[in-house]
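I opened this notebook to record what I looked up in one protein structure. The entries follow the order in which I worked.

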Amino acid sequence: MSKIKANRNFTPCVPVVDDETFGGFPFTWNITSAQSWIEQNFDQVEQSVVQVAPLSTGLDSDSLDEAWIPQADLTKPLLVVRMRPEVFKLIDGNHRVAKARRLGITELPSYYLTEQQHRQFFTRQQSDTMYVDYWNEKVEQVERGWGKWAIVGEMKV
């Protein structure tokens, strides 16, 4: 992995009414826009699977809407972003993961966005610069041997 540069012309992907978002300060993504971009740029997106850990106490978030879990579409790919060289983050699909756990399903289809691809969906102006600083610090740590490398295309949730 290499260091990245801030986009001087970064424009936040501000959500409009009914857009789905995920995250909190400083990194919130516009999920609706990300999904639309994936559909239009399908050939540029890595497709793989996420390994789902078995159901156990405390794995599912308390913030999930229990009524929605049974309705979750397990054929719809999860959306995962590379947050730093050795870590991926699930930004869309928590209800699908909860349903899969409850059904004993061990893998779900997923889309993986690179550190360059997912930045365009940040909803705040300062997020791009903050993310670049965060990413570059983690790259330096990995170069010093302070981190481990994840295997691209595999993630456990």
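The entries below concern a predicted model.

**Entry 1: the chain as a whole.** I began with the secondary structure and found that the protein chain has 3 helices and 6 strands. Following the sequence, I noted the order β-β-α-β-β-β-α-β-α. I then looked up burial: of the 157 residues in the protein chain, 43% are buried. For the surface, I recorded an accessible area of about 8,900 Å², with 50% of it belonging to carbon and sulfur atoms. I also examined contacts between residues at least 6 apart in sequence, and 78% of these join residues at least 24 apart.

**Entry 2: aromatic pairs.** I searched the whole structure for aromatic pairs and obtained 11. I looked at W29 and F122, whose ring centres are 5.7 Å apart; their planes stand at 40°, so I entered the pair as tilted. W29 belongs to strand 2 (residues 27-30), while F122 sits in the loop between strand 6 (107-113) and helix 3 (127-143), so this pair ties together parts that are 93 residues apart in sequence. I found both W29 and F122 to be buried.

I turned next to F42 and Y111. Their ring centres are 5.9 Å apart and their planes are at 90°, so this pair is edge-to-face. F42 is in the loop between helix 1 (31-40) and strand 3 (46-51), and Y111 is in strand 6, so the pair ties together parts 69 residues apart in sequence. Are F42 and Y111 buried or partly exposed? F42 has 38% relative accessibility and counts as partly exposed, whereas Y111, at 17%, counts as buried.

I also noted a cluster that ring pairs build from F22, F27, W29, F122, Y131, Y134 and W135.

**Entry 3: salt bridges.** I kept one general point in mind: side chains of opposite charge can pair when their charged atoms come close. My count came to 7 salt bridges. In one of them, E115 pairs with R82, and the closest N and O atoms are 4.0 Å apart. This bridge links distant parts of the chain, since E115 lies in the loop between strand 6 and helix 3 and R82 in strand 4 (residues 78-84), 33 residues apart. Both E115 and R82 are buried.

I recorded a salt bridge between R96 and D92 at 2.9 Å from N to O, and both R96 and D92 are buried. For D128 and R119, I noted a salt bridge with an N to O distance of 2.6 Å; D128 and R119 are buried too. Finally, I found that K3, E140 and R144 are joined into one network by salt bridges that share partners.

Notes:
Residues are numbered from 1 along each chain as its sequence is written. This is a predicted model: local features need pLDDT of at least 70, side-chain atom pairs count only at pLDDT 80 or more; totals for chains, interfaces and linings use all residues. Side-chain values use heavy atoms; hydrogens and water are left out. Rings of Phe, Tyr and Trp (its six-membered ring) pair if their centres lie within 6.5 Å; planes under 30 degrees apart count as stacked, over 60 as edge-to-face and the rest as tilted. Helices (H or I, at least four residues) and strands (E, at least two) are DSSP runs, numbered from the N terminus. Buried means under 20% relative accessible area, exposed over 50%, partly exposed in between (1.4 Å probe, protein chains only). Contact means heavy atoms within 4.5 Å. Accessible areas come from the Shrake-Rupley method with a 1.4 Å probe; for residues, only the protein chains shown count as cover. A salt bridge is a side-chain nitrogen of Lys or Arg within 4 Å of a carboxyl oxygen of Asp or Glu.
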